[in-house]
Amino acid sequence: MARPRLRVIPLGGIGEIGKNMMVFEYRGDMIIVDCGTKFPEEEMRGIDLIIPDVTYLVENSHRFRAIVLTHGHEDHIGSLPYVLPQLEKIAPVPLYGSPMALAYARGKLEEAGVAQLADFMPIEPGQKYKIGHHFEAEFVPVTHSIPGAMLWP
Ligand SMILES: [Zn+2]
């Protein structure tokens, strides 16, 4: 039998500023880290906001376990109101993050009327959280221009 491999798939945020979203897959579990938007360049007239293409998540939603947020900036949480409705079939989707990041996320989701699609899971730095069957997350506080920023090792 082939050894299980960790797959890491960026759906945004690599080679660009914004739209941060990284898929981690291991065995039958899939999670994403961050769910951000990107603001359009000047030449993208008529475009208000750029969000990641989450077709891959929707097609594999039976394996989707959680969204993990590193912090509450727009380029890390801004797409939540657009992505969560696409995952409605498996809602409420566990949403892990610092209390501050979750407060920002909740505000955006309530404004869009879709807060019930998320299961808010506030984390504490240094604690370990089991996500799905195969992932364990520990959040490490980092210095950034917003309180409650975490690195996810
Ligand atoms: Zn930031």
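**View 1. D34, a buried residue with positive phi.** D34 is buried in this predicted model. Its relative accessible area is 5%, which falls under the 20% cut-off for a buried residue. Phi of D34 is positive, at about 75°. D34 is not a glycine. The residue is found in a loop. That loop runs between strand β3 (29-33) and helix α1 (55-59).

**View 2. K19, a second loop residue with positive phi.** K19 sits between strands β1 (7-12) and β2 (21-26), in the loop that joins them. Phi of K19 is near 60°. The value is positive, and K19 is a residue other than glycine. What is the relative accessible area of K19? It is 14%, so K19 counts as buried.

**View 3. The zinc site.** Three histidines coordinate the zinc ion: H71, H73 and H144. H71 donates through NE2, H73 through ND1 and H144 through NE2. The donor distances run from 2.1 to 2.2 Å. In sequence, the donor residues follow the spacing H-x1-H-x70-H. Where do H71 and H144 lie? H71 is in the loop between β4 (64-68) and α2 (74-77). H144 is in the loop between β9 (140-141) and β10 (150-151). The pair therefore ties together parts that are 73 residues apart in sequence.

**View 4. Accessibility of two zinc donors.** Are H71 and H144 buried or partly exposed? H71 has 6% relative accessibility and counts as buried. H144 has 42% relative accessibility and counts as partly exposed. Both residues donate to the zinc ion through NE2.

**View 5. V93 and its contacts.** V93 is found in strand β5, which spans residues 93-97. At 1% relative accessibility, V93 is buried. Which residues does V93 touch, leaving aside those up to four places away in sequence? F64, A66 and I67 are among them. So are L84 and L87. L117, A118 and D119 complete the list. E59 serves as a reference point for V93: the two are 34 residues apart in sequence. In space, their C-alpha atoms are 15 Å apart.

**View 6. The cis peptide bond before P92.** The peptide bond from A91 to P92 is cis. Its omega is near 0°. P92 lies in the loop between helix α3 (80-83) and strand β5. Strand β5 covers residues 93-97 and includes V93.

**View 7. The whole chain, for orientation.** The chain holds four helices and ten strands. From the N terminus on, the order is β-β-β-α-β-α-α-β-α-β-β-β-β-β. The radius of gyration is 15 Å, close to the 15 Å of the globule rule for 153 residues, so the chain is as compact as a globular protein of that length. Its C-alpha atoms fill a box of roughly 50 × 30 × 30 Å along the principal axes.

**View 8. Burial, contacts and surface of the chain.** Of the 153 residues, 44% count as buried. Take the contacts between residues at least 6 apart in sequence: 59% of these join residues at least 24 apart. The accessible surface comes to about 8300 Å². Carbon and sulfur atoms account for 53% of that surface. The chain carries 14 positive and 19 negative charges. The mean positions of the two sets are 10 Å apart.

Conventions. Residues numbered from 1 in each chain as written. Predicted model: local features only at pLDDT ≥ 70, side-chain atom pairs only at ≥ 80, totals over all residues. Heavy atoms only, no water. Helix = DSSP H or I, 4+ residues; strand = E, 2+ residues; numbered from the N terminus. Rg over C-alpha atoms; globule rule 2.2 N^0.38 Å. Buried < 20%, exposed > 50% of the residue type's maximum accessible area, 1.4 Å probe, protein only. Contact = heavy atoms within 4.5 Å. Areas by Shrake-Rupley, 256 points an atom, 1.4 Å probe, with all protein chains shown as cover. Lys, Arg positive; Asp, Glu negative; His and termini not counted. Charge placed at Lys NZ, Arg CZ, Asp CG, Glu CD. Donors = N, O, S within 2.8 Å, 3.2 Å for Na, K, Ca; no water.
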